[in-house]
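Open the model in your viewer and turn on residue labels. This tour moves from one selection to the next.

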Amino acid sequence: MTIRVVIADDQSLVRTGLRMILDNADDIDVVGEAGDGAEAVALVAELDPDVVLMDIRMPEMDGVEATAAIAAAHRARVLVLTTFDLDEYVYAALQAGASGFLLKDALAPDLLAGVRVVASGEATLAPTVTRRLLDRVVTGLPAPSRSDDRLALLTGREHEVLQQLARGLSNAEIAELLYLSPGTVKTHVGRILTKLGLRDRVQAVVFAYESGMISR
């Protein structure tokens, strides 16, 4: 199956570079380009892509607003393009519904892998990068006023799995730590997302930090 991608970035040279990398992959097709967030939202509505590569800082409508609009109304998954000096924007994008993020200086194989992972619905990228970025982002967040009531919906095992997922562990790492099979962990993750009403693993990480179950 071909993965249909829309690229949203206000710099034409960046869009061209991304298109060249993506178009060289047999399983990826760039179906549109947008120069700002509003144009990206319109293209998603028109073209129904699988993945949107979304820059954060754009004119008219920034990447955070565009991500929220897309996540609320369309099936497309948003992969945010970022640098470490934009941590607060990245966290806002994750809150808005982004399914993952890539650093702008990522190598071509990492870009292709990221698009494929997000398109598959796994929505998790390089756990070590996830940990580093979230460690920096959450230090500026206010402490939660109270625990989220939805945590009571989880079983004890699901609570354990969510805690490790929020720390950036992969399914295989969680399975080894909790003495479970990878398939069982995958099942638990699916049930966690359903019970909490979350879109994907990245949103589960955000929820874990915001609910206070992971200390900062």
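Which residues in α8 meet which residues in α9? Select Asn 171, Ile 174 and Ala 175 in α8; they meet Pro 182, Val 185, Lys 186 and Val 189 in α9. Contact here means heavy atoms within 4.5 Å. The residues of this contact divide into five nonpolar, one polar and one charged. (Ala, Val, Leu, Ile, Met, Phe, Trp, Tyr, Cys and Pro count as nonpolar; Asp, Glu, Lys and Arg count as charged; the others, Gly among them, count as polar.)

Some ground rules. This is a predicted model: local features need pLDDT of at least 70, side-chain atom pairs count only at pLDDT 80 or more, and totals for chains, interfaces and linings use all residues. Residues are numbered from 1 along each chain as its sequence is written, and side-chain values use heavy atoms, with hydrogens and water left out.

Now show all of α8 (residues 171-178) and α9 (residues 182-196). They pack at an angle of about 110°, with axes 8 Å apart. Axes are lines fitted to C-alpha atoms, for helices over the stretch in contact, and angles run from 0 to 180 degrees between N-to-C directions. α8 and α9 are therefore roughly perpendicular (65 to 115 degrees).

Next, select α7 (residues 156-166) and α10 (residues 201-210). Their axes come within 9 Å and cross at roughly 100°. From α7, Leu 162, Leu 165 and Ala 166 make the contact. From α10, pick Arg 201, Ala 204, Val 205, Phe 207, Ala 208 and Tyr 209. This contact has eight nonpolar residues, no polar and one charged.

Move to α1 (residues 12-23). Its end C-alpha atoms are 16 Å apart, which agrees with the expected span of 16 Å (1.5 Å times one less than its number of residues). Its buried residues (under 20% relative accessible area, 1.4 Å probe, protein chains only) are Arg 15, Leu 18 and Leu 22. They cover an arc of only 70° around the axis, which puts them on the same side of α1. The arc is that of the directions from the helix axis to the C-beta atoms. On the other side, Leu 13 and Met 20 are exposed (over 50%). The buried residues pack against β1, β2, β3, β4 and α5.

Last stop: α5 (108-120). Leu 111, Leu 112, Gly 114, Val 115 and Val 118 are buried there. The face turned away from the buried side carries exposed Pro 109 and Ser 120. Just after α5, find Gly 121, with a positive phi of about 95°.

Key:
Helix = DSSP H or I, 4+ residues; strand = E, 2+ residues; numbered from the N terminus. Parallel < 35°, antiparallel > 145°, perpendicular 65-115°, else oblique.
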